[in-house]
Amino acid sequence: MKNWGFKISQPRTIDFDTADLKEFNKLIEKVPSSKRCLMCGACSATCSASNHTDFNFRKCHLMYRRGQFDGLAEELNKCMLCGKCKLVCPRGVNTRAIIYNMRIFLNDLNYKNIE
Amino acid sequence: MKDKEILIIGGGPAGLEAAYNLAINGIKVTILEKDPSIGGNIKKWVKLFPDFGDAAEVRKIFEGKIKHENITLHTDAEVTKLYNDGGKWFVKDTKDNTYSAAAALLATGFEAFDARRKEELGYGIYDNVITSVDFEEMYKTGKILTAQGTIPKRIAFLNCVGSRDEKVGNHYCSRVCCINAVKQATEFKEIVPDAEAFCFYMDMRMAGQFYEELYRKSQEKYGVIYIRGRISEAAATIDKRIQIKSEDTLTGLPLRMTVDILVLMVGIESSASTTELSTQNEINGEYGFAKSLGLYNSDNLTKKEGLFLAGSCKRPLTLPETVADARSASIQIVNYLNIN
């Protein structure tokens, strides 16, 4: 077949009709304070890992909420679970527990294993 | 028939506006103000949002209004006790004077949040971290300068300091700081047009008449830059500037910036007198504010007969809201003293 130099690109849309939004409910059950997050970014601003890598906890949390799990497990492995983010959160969200539980749930979903 | 007299605790906008309206209705008013002069929190302000109205002028109008034969003003009179005895209301001040009347109005207002409680933001540690109240103090001189006396090239305002913050126990929004940041950033750019002004916010709450217009003008005419992210740390550099860390949440990238001055937009907390006197009378509500009987039909009444509330002792209010609330309290008090 002739190669025209075009290919079909993957859709970039977060499709709320097909995305797995239920997975977030499991997280809420484990860490109820995750509902309170208002995405102010104080956590990712203070994050030690963010200063050296492209890790962004706030974004990971939001992607998880939206059911966008691709590549998330690898991202979460950049976190050292130091808990500094928890100290600065104005809404008292247990950020550390969110990461810990997201890792477990992603593992259950057969995304990349916890190292 | 009750004696036509009232004690007003607090000589700020709420107390003064109520005093005037009660006096012209033939009620003898005694105002007790803890400071040496009247005006309350507007004493600290230069210009008022959203129209840059002159705070000193507003204060002068109040001064004129309370020059009435029915009004007695006691300054330097901090009320420490408020109680009812045999249907009459009594207050005691720090000088051990006792006053009494048929009714009492609590108009003890608010206090600005003590920014030292947010240690990570460096207030009280680094000289170039100031509060919005300090900004006003400096603005009185007509100049905004760093602690080293230089003209700042870059300034940052941080919203929600002491508001919407579980870590300091204040879940509520103080309502006035967003628009005040817009006002102060605009004032700064008027003085130093070449400098950069940044505003860090979680949400910009422009829910007042002309607020949105001022917000828009600050961007369009004055070039104030708004960044959505909460500053989580501030530290001094070797040359005494302030380095701040935030996330630029809309790009999703961490942000670092060195500024000459960091202004913390401190929130509204209940004043010490508000908390103390409302607790004494079991009308203390959430966060140390005084609690009215009902939000819709009895917002100036309390569960104690003859004890009324006006202004920001109840919750964070803007100046026009406070003054309107004081007028509303006045008519309730007039009715109470005439009917009962």
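The following exercises, each with a worked solution, concern a predicted model with chains A and B.

**Exercise 1. Chain A as a whole**

Determine how many helices and strands chain A has, and state the box that its C-alpha atoms fill.

Solution.
Step 1. Count the elements: chain A has seven helices and zero strands.
Step 2. Write the elements along the sequence, which gives the pattern α-α-α-α-α-α-α.
Step 3. Take the extent along the principal axes: the C-alpha atoms of chain A fill a box of roughly 60 × 30 × 30 Å.

**Exercise 2. Two helices of chain B**

Describe how helix α1 of chain B and helix α7 of chain B are placed with respect to each other.

Solution.
Step 1. Locate the helices: α1(B) covers residues 13-23, and α7(B) covers residues 319-339.
Step 2. Consider the axes, which come within 8 Å and cross at roughly 40°.
Step 3. Classify the angle. Angles under 35 degrees count as roughly parallel, and 65 to 115 as roughly perpendicular; α1(B) and α7(B) are therefore oblique to each other.
Step 4. Assign the hand: α1(B) passes α7(B) in a right-handed crossing.
Step 5. Identify the residues in contact. Those of α1(B) include B:Pro13, B:Ala14 and B:Leu22, while those of α7(B) include B:Leu319, B:Val323 and B:Ile333.
Step 6. Sort the residues of this contact by class: ten are nonpolar, three are polar and three are charged.

**Exercise 3. The sheet β6-β7-β8 of chain B**

Establish the order of the strands, the sense of their pairing and the strands that stand at the edges.

Solution.
Step 1. Read the order: three strands, β6-β7-β8 of chain B, make an open sheet with antiparallel pairing.
Step 2. Find the edges. β6 (79-85) and β8 (98-101) of chain B each have a single partner strand, so one side of each is left without a neighbour in the sheet.
Step 3. State the twist, which averages 20° from one strand to the next.
Step 4. Examine one pair: β7 (residues 88-93) and β8 of chain B are joined in the antiparallel sense over four bridges. B:Val91 stands opposite B:Tyr99 in β8(B).

**Exercise 4. The sheet β15-β16-β17 of chain B**

Carry out the analysis of the open sheet β15-β16-β17 of chain B.

Solution.
Step 1. The three strands have the order β15-β16-β17, and their pairing is antiparallel.
Step 2. The edges are held by β15 (233-236) and β17 (253-259) of chain B; each has a single partner strand, so one side of each lacks a neighbour in the sheet.
Step 3. From one strand to the next, the twist averages 25°.
Step 4. β16(B) and β17(B) pair in the antiparallel sense over seven bridges. B:Asp248 stands opposite B:Leu253 in β17(B).

**Exercise 5. Contacts between chains and between domains**

Describe the contact of chain B with chain A, and then the contact between the two domains of chain B.

Solution.
Step 1. The contact of the chains takes 17 residues from chain B and 17 residues from chain A.
Step 2. On the side of chain B, the largest share, three residues, comes from strand β16 (residues 242-248).
Step 3. By class, this side of chain B has three nonpolar, five polar and nine charged residues.
Step 4. Turn to the domains: the assignment for chain B gives domain 1 (5-109 + 271-339) and domain 2 (115-267).
Step 5. The C-alpha centres of these domains lie 32 Å apart.
Step 6. Their contact takes ten residues from domain 1 and 18 residues from domain 2. The side of domain 1 divides into six nonpolar, one polar and three charged residues.

How values were computed: Residues numbered from 1 in each chain as written. Chains lettered and ligands numbered in written order. Predicted model: local features only at pLDDT ≥ 70, side-chain atom pairs only at ≥ 80, totals over all residues. Axes fitted to C-alpha atoms, helices over the stretch in contact; angles between N-to-C directions. Parallel < 35°, antiparallel > 145°, perpendicular 65-115°, else oblique. Left-handed = near helix turned anticlockwise from the far one by under 90°. Contact = placed C-beta atoms within 7 Å. Nonpolar A, V, L, I, M, F, W, Y, C, P; charged D, E, K, R; others polar. Pairing = 2+ DSSP bridges. Domains from an automatic or database assignment.
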